[in-house]
Amino acid sequence: MMRRARDHAWITGIGLISSLGHDTAAHWQKLNGSCTPRPVIDPQRFAPYTIHPLAAIDFAKQIPRTSDQRQMERWQKIGVYAAGLALADAKLAGDEDLLECTNLCIAAGNGERDLALDARILAAAGPGGAEGAYLNQSLTAGLRPTLYLGQLSNLLAGNISIVHKATGSSRTFKGEEMAGVSAVADAVARIEAGEGELFLVGGALNAEREDALLACELSGALYQDLYSSVWQRRAQGGGVIPGSLGAFLVLESARHARRRGAMPYARVSDVLSSRSRRGRGDVAAAAAGLFSRLGLNPKGGDLGILSGASGAEPATTEERQFIAGLAQRGVTPVVRAWGSVLGHSLEAHFIAGLALAALAISNEAFYPPFDTSEVESAHDVCPDRVLVTTFGHWRGEGMALAQSAW
Amino acid sequence: MGSRMLDAKGRPVVVVTGIGLVTSLGVGARASWERLVSGQSGVKPITRFSTDGLRTTIAGTVDAFDITPLSAHDLSLTMAEVAASEAIAQAGIGRAGHFPGPLIVATPPSELEWPHLNRLLEGPSDAGLAGYQRILANARSGAFADLARHVRFAAIADSLQQRFGTEGEPLSVCTACASGATTIQLGLEAIRRGRTEAALCIGTDATVHPEGLIRFSLLSALSTANEFPHKASKPFSKRRDGFVMAEGAGALVLESYDAAKARGARVLAVVLGCGEKADDYHRTRSRPDGAAIIGAIRKTLDDACVAPDEIDYINAHGTSTPENDKMEYVSLHAVLGDHLARTPISSNKSMVGHTLIAAGSVEAVFSVMTIGAGVLPPTINYDEPDPDVPLDVVPNVSRPARVSTILSNSFGFGGQNVCVVFSGEPA
């Protein structure tokens, strides 16, 4: 059997909500000004940790039924809302026939616990801690029956199917930052191999909760000093400043998009990943290895890079070294680390970077520096191609190329 | 162009060359299988924690490993390692510490358990803090870094990759109780695309801890037939009253047929095809007309290039909940029609319990063994047929039968439906 030529994966819809705003237009407007954008932060609520709180969102606009909202935790609402924006942007919302064959590739952790219940149970426990009959009775009486559905990783996807009726297939990838890379890679591979035409890819983080902060802080990953950009945290030991965010993309085969007259923001290709053991120099070596595999054309010249640096060390410093070393390959990197303005969003982070790359490519304008360090030169660049990176705060290195679809 | 063995759609044929298993019935595929086909149950009273005040006090726990203190992460990882070691040894693939392909693993929720929260609360902080503020202050001390593995969603995959030396970024997946089947689907697709010649697919789950049990109990999903644990899981029978939580891990080595043949490996079964379809009806229930399950089965048969009447046997999802077993019947009937009455179908869960995230992997291993052994495992505890679910469930005792094409079903909360078709080695 003869195979058709490989298809291309186009971004035909974007949904993005964060501390900066409730849609892509708000993000473009705030990020594409002439000077470094001002981040929205809250240093008090979870002190000594700073977070980027979600902008005011009326969830009912995308999740009209209160019965649906009641059965979701906030990370799911953030995701379902952003997913709805992406579907509407791609003109899929309400089109039952297309939604029926829209495949979900979701990057997710699991959702929030009932923190007040946990605290009550722990406070009233005896000297041995919460255990035995006391724990059993407290949980049986105290847990909301539907809370587990707000915690399960795959219930972000489940809620998207229920609320937006996207039901072609449904896969949830786990694993912090790399979950986002896995979700994008799965969708792009299936499009390029002709295994599917329409994909909804995304993730969400609710950074405004202690259990999410705890998961990072057990290994000392959070940044505790006053806010600074990801490149400027090294002197204080580095660290992550989380940001609430929902990022979704509609990825569509170019043939399918042409057939229905959908306009592309950009094409995604070369979704690459590795998992180094994080010894000294491992991240820089992994990044260089991935970069060599990219189908860059031309290989040299100006290259816009949207960096997913988390601020965690030593990965952030090693990424910086890798970027500095690109000059030896004839590449002039123009770097913007979006984590400095949106915060770090774990599973959703890479997808948010692709969304920003797609906005820049379709608007034919790159972003001003997102910080004032020497890493992000004020040099302008024509964003007909943008490299998006992510380097997990613990593990995983990922890259993808977004470029003009034309 | 070489002379690759291609399927009817022109894709490389994918086969199983190694299997490994840990279940409540035993450690190792052979040990589990022998007790499975003799109709024994692995369900028993829970002894690892107090069940005082709980509605359900039984489970198919795996108690074969000495893990102290016990945690979902540590037991899930150990079981996955044991199952994967067995599968890789049987396949005889790669070399020590290097598996020549990617790892795809289905893992349970990554979360702190109550002993961890107790420890964190009792830490050194003395600033008059309470609850999570105190816990965070203690975490900040760095003294609890050993707990990080419990909340890292990629921790199990990371350890497995290091142990077995799989290639590339490992995938951690969750499609609820269809997760195990999803790992096989992802492996199948990767080999068909030519991205790899082999894949290591694992599902593992060890979440029989107090909160794990209570949250399913609060969803009214669990059997409360505590008095006779062996009899509690009774798929398709009239008095079924919920599933029985269980622990386990299943591992499969998938390879392209050509790669397996080239190195002289024994082919245990062919993975003919996979399919999936998401439901949009309810978080824990299927559409009443079964449309999503029907869609998953039809897509699977289409992917496998198999007609409905070519299915010889069905390895059921068969959880023993009133809802699941009815919907599984309704949906199968819609696709198989009259052929369903002639098609035996049994539920491994009647004996091992419901291994949740691992179920699709465990049942895939049993499906492969069913083809190899020519014996259909029974559905035990089938004492009273449900007239609304008229199926040949291979009641209570196993049955010798040569079957060449098996459909394995996996359905999960959140509207996840994934099916796989296995067959014997191509002639």
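## The two domains of chain A

In this predicted model, the C-alpha centres of domain 1 and domain 2 of chain A sit 19 Å apart. Domain 1 of chain A comes in two stretches, 9–114 and 145–260, while domain 2 of chain A runs over 266–403. Where they meet, 59 residues of domain 1 of chain A touch 60 residues of domain 2 of chain A. Together the two domains bury about 4,700 Å², and carbon and sulfur atoms account for 69% of that. Trp28(A), Glu177(A) and Trp231(A) provide 20% of the area that domain 1 of chain A buries here, more than any other three residues.

How many salt bridges link domain 1 of chain A and domain 2 of chain A? The count is zero. There are, however, 14 residue pairs in polar contact between these domains, counting pairs with both residues at pLDDT 80 or more. On the domain 1 side, β1, α1, α9, β6 and β7 of chain A each bring at least two residues to the contact. The largest share, nine residues, comes from α9(A). Sorted by class, that side of domain 1 of chain A has 35 nonpolar, 19 polar and five charged residues.

## The two domains of chain B

Now for chain B. Its domain 1 covers 14–110 plus 152–423, and its domain 2 covers 114–149. The centres of these two domains, taken over C-alpha atoms, are 37 Å apart. Here six residues of domain 1 of chain B are in contact with four residues of domain 2 of chain B. The area buried between them is about 460 Å², with 44% of it on carbon and sulfur atoms. On the domain 1 side of chain B, His73(B), Arg152(B) and Glu211(B) lose the most area, together 64% of what that side buries.

One salt bridge is counted between domain 1 of chain B and domain 2 of chain B. Asp74(B) and Arg149(B) form a salt bridge, with their closest N and O atoms 2.8 Å apart. Three residue pairs are in polar contact across this interface, both residues being at pLDDT 80 or more. By class, the side of domain 1 of chain B has one nonpolar, two polar and three charged residues.

## Where chain A meets chain B

Next, the contact between the chains: 74 residues of chain A and 69 residues of chain B take part. About 6,500 Å² is buried between chain A and chain B, 59% of it from carbon and sulfur atoms. In chain A, Tyr148(A), Lys174(A) and Leu218(A) lose the most area to chain B, making up 12% of what that side buries.

Twelve salt bridges are counted between chain A and chain B. Lys277(B) forms a salt bridge with Glu100(A), and their closest N and O atoms are 2.9 Å apart. The chains also share 35 residue pairs in polar contact, both residues at pLDDT 80 or more. Elements of chain A that each supply at least two residues to this contact include α5, α8, β5 and α10. Which element gives the largest share of chain A's side? That would be α6(A), with seven residues. By class, chain A's side has 28 nonpolar, 27 polar and 19 charged residues.

## A strand pair across the chains

The two chains also pair up through strands. β5(A) lines up with β6 of chain B, residues 171–173, in the antiparallel sense over two bridges. Phe173(A) stands opposite Val173(B), a residue of β6(B).

Definitions and conventions. Residues numbered from 1 in each chain as written. Chains lettered and ligands numbered in written order. Predicted model: local features only at pLDDT ≥ 70, side-chain atom pairs only at ≥ 80, totals over all residues. Heavy atoms only, no water. Contact = heavy atoms within 4.5 Å. Buried area = accessible area lost by both parts, 1.4 Å probe. Salt bridge = Lys/Arg side-chain N within 4 Å of Asp/Glu carboxyl O. Polar contact = N/O pair within 3.5 Å; in protein donor to acceptor, adjacent residues only side chain to side chain. Helix = DSSP H or I, 4+ residues; strand = E, 2+ residues; numbered from the N terminus. Nonpolar A, V, L, I, M, F, W, Y, C, P; charged D, E, K, R; others polar. Pairing = 2+ DSSP bridges. Domains from an automatic or database assignment.
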